[in-house]
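Reader: Could you take one part of this model and walk me through it closely? I'd like to hear about a binding site and what surrounds it.

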Amino acid sequence: AKDSGRNAIQLFRSTMQDAVSARLRLENDLRLALARGEFELHFQPQVDARDGQVVGAEALLRWQHPQHGPQSPAQFIQVLEESGLIIEVGGWVLTEACHLCARLLADELIDAERFSLCVNISPRQFRQHDFVERVAGCLRTSQLPHAMLKLEITEGIVIQNIDDTVGKMLRLKKHGVSFAMDDFGTGYSSLTYLKRLPVDMLKIDQSFVRDATSDPNDAGIIRAIVAMARSLGLGLIAEGVEQQEQLDFLQAQDCHLYQGYLFSKPVPEDAFRALLGQHRS
Ligand code: C2E
Ligand code: CA
Ligand code: CA
Ligand code: CA
């Protein structure tokens with residue numbers, strides 16, 4: 001029994017060591033990925049269901065690992081965040097996305113008045129002391145009209161210092177940039193933060209949309225979010241819309257902007273251009 005206990009501990013130790021070295025390997029691969037050009041951006045259209053117009057796109061990071069193939073951000077965003085690599089990678093995402101959007105505008109595939117480029121900003125990235133200057137620099141070099149940029153943040157952003165967060169947001173808003181609260185409803189104290197953060201739009205999390213047509217609780221949460229957005233004067237968009245019934249439900253609640261597989265998965269630049277060409281009125 002004593003022996004088997006010792007074996008169990010050794011097994012535990014070597015499993016821990018495997019996990020630690022796998023993590024270190026991943027971190028190292030991620031460190032090299034930028035230099036090797038293995039990152040790519042995909043774009044998922046955002047649509048106004050009332051007229052079918054594409055009114056924006058969310059930029060989503062993709063990583064093509066040389067040996068292991070495409071990696072989902074769900075697997076590596078946290079490692080980027082914890083290692084601090086997100087600062088560099090997030091900066092790359094912002095630059096790439098702004099330049100792409102400026103090219104779409106120059107090619108008259110989108111309308112400056114009716115298109116938002118949405119970029120995810122991680123808490124660590126947002127906490128950089130010169131984050132505002134970095135965003136302003138990106139807008140300057142890409143020459144993207146400032147009002148076209150929307151930053152998607154999550155409640156995690158305020159964990160450290162809410163005054164600093166609000167201050168940065170207000171400075172960015174002075175530049176014309178707007179904010180969407182991502183994954184809305186999944187955090188722990190949405191209402192407290194919502195009251196203080198100058199966001200312009202709420203993104204209804206896909207976990208509520210998924211069962212909206214079968215689970216009365218999820219339907220109720222969506223109704224409550226819609227009512228709240230309306231009374232606070234905030235815009236609204238639903239994410240993860242896969243079925244027509246889900247969209248019908250959302251529209252019945254007066255939520256007309258959506259993003260999801262029902263319209264399109266996130267796609268590479270070429271496919272996104274083709275899609276814009278088709279949907280241009
Ligand atoms: P998110 O910001 O909530 O992005 C939405 C996710 O839902 C994306 O996953 C998208 O592909 C997926 N999605 C869109 N429509 C549907 C649908 O109809 N059904 C389902 N089941 N899923 C849908 P993705 O691209 O794997 O990204 C996962 C998460 O990784 C993102 O969640 C975001 O938190 C993070 N992420 C992605 N790109 C970036 C980035 O550039 N910077 C930062 N900081 N985070 C990023
Ligand atoms: Ca997002
Ligand atoms: Ca989301
Ligand atoms: Ca999410």
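Author: Happy to. A polar contact here is a pair of N or O atoms within 3.5 Å; within protein, one must be able to donate a hydrogen and the other to accept it, and residues adjacent in sequence count only if both atoms are side-chain atoms. This is a predicted model, in which local features need pLDDT of at least 70 and side-chain atom pairs pLDDT 80 or more, while totals for chains, interfaces and linings use all residues, and side-chain values use heavy atoms, without hydrogens or water. Residues are numbered from 1 along each chain as written, with chains lettered from A and ligands numbered from 1 in written order.

Let's start at D183, where a side-chain N or O atom sits 3.3 Å from an oxygen atom of ligand 1. D182 also has a polar side-chain atom 3.0 Å from an oxygen of ligand 1, and the side chain of Q206 places an N or O atom 3.0 Å from a ligand 1 oxygen. Q206 is also among the closest of the 20 residues surrounding ligand 1 (a heavy atom within 4 Å), together with Q44, R62, E242 and Y261. The protein covers 82% of the 790 Å² of accessible area (Shrake-Rupley, 1.4 Å probe) that ligand 1 has on its own.

D183 has metal partners too. The calcium ion (ligand 4) is coordinated by D183 (OD) and D183 (OD), at 2.9 to 3.1 Å; for Ca, donors are N, O and S atoms within 3.2 Å, against 2.8 Å for metals other than Na, K and Ca, and sites may look incomplete without water. D183 also bridges this ion and the calcium ion (ligand 3), 3.7 Å apart. As for the backbone, D183 belongs to strand β6, residues 178-184, a strand being a DSSP run of E with at least two residues, numbered from the N terminus.

Notes. Helices (H or I, at least four residues) and strands (E, at least two) are DSSP runs, numbered from the N terminus.
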